[in-house]
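User: Hey, I'm new to this one. Can you walk me through it?
Analyst: Sure, here it comes.

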Amino acid sequence: MKHHPQGPSLTRRSLIAAGLGAALLPLAARATPYPSRPITLVVPFPAGGSVDLIGRIYAESLGKALGTAIVIENRDGAGGAIGSKRVARANPDGYTLVASSQSSHLANPLMRNDLGYDPIKDFASISQLSRTPNVLVTNADVPAATFAAFVALLKARPDELHFATAGIGSMGQLNAELFKNTLQLQAVHVPYRGGSPLINALLSNQAQFALDNLAPFLPHIQVGKMRALAVAAPKRLAALPDVPTFAELGYPVLNSMSWIGLAAPAGTPADIIETLLAAVRAVAGQDGMAQSLEKAGALPPEEQTPQQFTAMMSERLALYKDLIDRAGIRPE
């Protein structure tokens, strides 16, 4: 009597099952919900600074929105380059992110060739976290009470007035050079090593003006030791209702604000980017967030797609690269 095979042997069936299981492992791994463990947010600046402050304002609420912990890691040094490079080289799995800024992703890349990262190619920019108004501010003794009067003073006294910045190639210098270039003005750059010496220079009238982030100047403006002549903001600020925006004055190119954003390593899957973007938008729209940002001298983020955010960064890199070349700015 002939025996007809009823199917594969047990051993063969086991091998087939094992092979299918192995083939499905990568699919199972990709199907793991994101996030399934804590996320590290690298702040490439010291604790207590503006980028760190904005990162911490978002961290707890963003973690709740994502269902996991957001762990802040301060990896400072080289103007934001050390921490940014760490994220650029991290596994693009959504678990290592960076709080990006104009310092680490605009000024630094334009002023240094040894960063080890490209601000556009090596990152997947996700969203702004906040925007920071800039202010054209003078020492209170400068004999010009309005923007027009100050411009007239600079034209009447070329290369006599000094502008203070937090260092060569800093955003404060780039902002002031754009101001000078736009209005065809001449003034002397005096770089200081950081924000505190810059403030002291303005208070003592060693330098007569600056064009930089509003937050550190605001207390001195409010007590009359400094004078605000114009702000870079979408509209007049509640804290300075009598100070016009650059756009109002007819100079929209000077009206762009600084930003702090969120970015992942290039190659991070699109669905993870979308998850993070949705979480940022949800947190940015929460009750009280605008007030928390305002206390930190910031405004809520502009709602942009990652593509729009990246395009904005590219446009500013081109604008300031041209400015640096024309002004002959070189690193120290």
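User: What's the nonpolar, polar and charged split in the lining of the second largest pocket?
Analyst: That lining divides into 13 nonpolar, 1 polar and 4 charged residues. Nonpolar covers Ala, Val, Leu, Ile, Met, Phe, Trp, Tyr, Cys and Pro, charged is Asp, Glu, Lys and Arg, and the others, Gly among them, are polar. Bear in mind that this is a predicted model: local features need pLDDT of at least 70, side-chain atom pairs count only at pLDDT 80 or more, and totals for chains, interfaces and linings use all residues. Residues are numbered from 1 along each chain as its sequence is written, and side-chain values use heavy atoms, leaving out hydrogens and water.

User: Which helix gives the largest share of that lining?
Analyst: Helix α10 (residues 289-295), with 3 residues. Helices here are DSSP runs of H or I with at least four residues, strands are E runs of at least two, and both are numbered from the N terminus.

User: And what's the volume of the largest pocket?
Analyst: About 1,300 Å³. On a 1 Å grid over the protein atoms alone, a pocket is an open set of points where a 1.4 Å probe fits, with protein on both sides within 12 Å along at least five of seven lines; lining residues have an atom within 4 Å of a point. Points are joined across faces, edges and corners, and the volume is the space filled by probe spheres set on them.

User: Which residues lie nearest its centre?
Analyst: Phe45, Ser103, Ala166, Ser170 and Asp212, out of 47 lining the largest pocket. By type, its lining has 23 nonpolar, 19 polar and 5 charged residues.

User: New topic: how many aromatic pairs are there?
Analyst: The count is 9. Rings of Phe, Tyr and Trp (its six-membered ring) pair if their centres lie within 6.5 Å; planes under 30 degrees apart are stacked, over 60 edge-to-face, and the rest tilted. Phe147 and Phe246, for instance, are edge-to-face, at 6.0 Å centre to centre with 85° between the planes.

User: Why does that pair tie together parts 99 residues apart in sequence?
Analyst: Because Phe147 lies in helix α5 (residues 147-156), while Phe246 is in the loop between β9 (226-232) and β10.

User: Are Phe147 and Phe246 buried or exposed?
Analyst: Both are buried, where buried means under 20% relative accessible area, exposed over 50% and partly exposed in between (1.4 Å probe, protein chains only).

User: Which residues form the aromatic cluster?
Analyst: Phe147, Phe150, Phe163, Phe179, Phe209, Phe246 and Tyr251.
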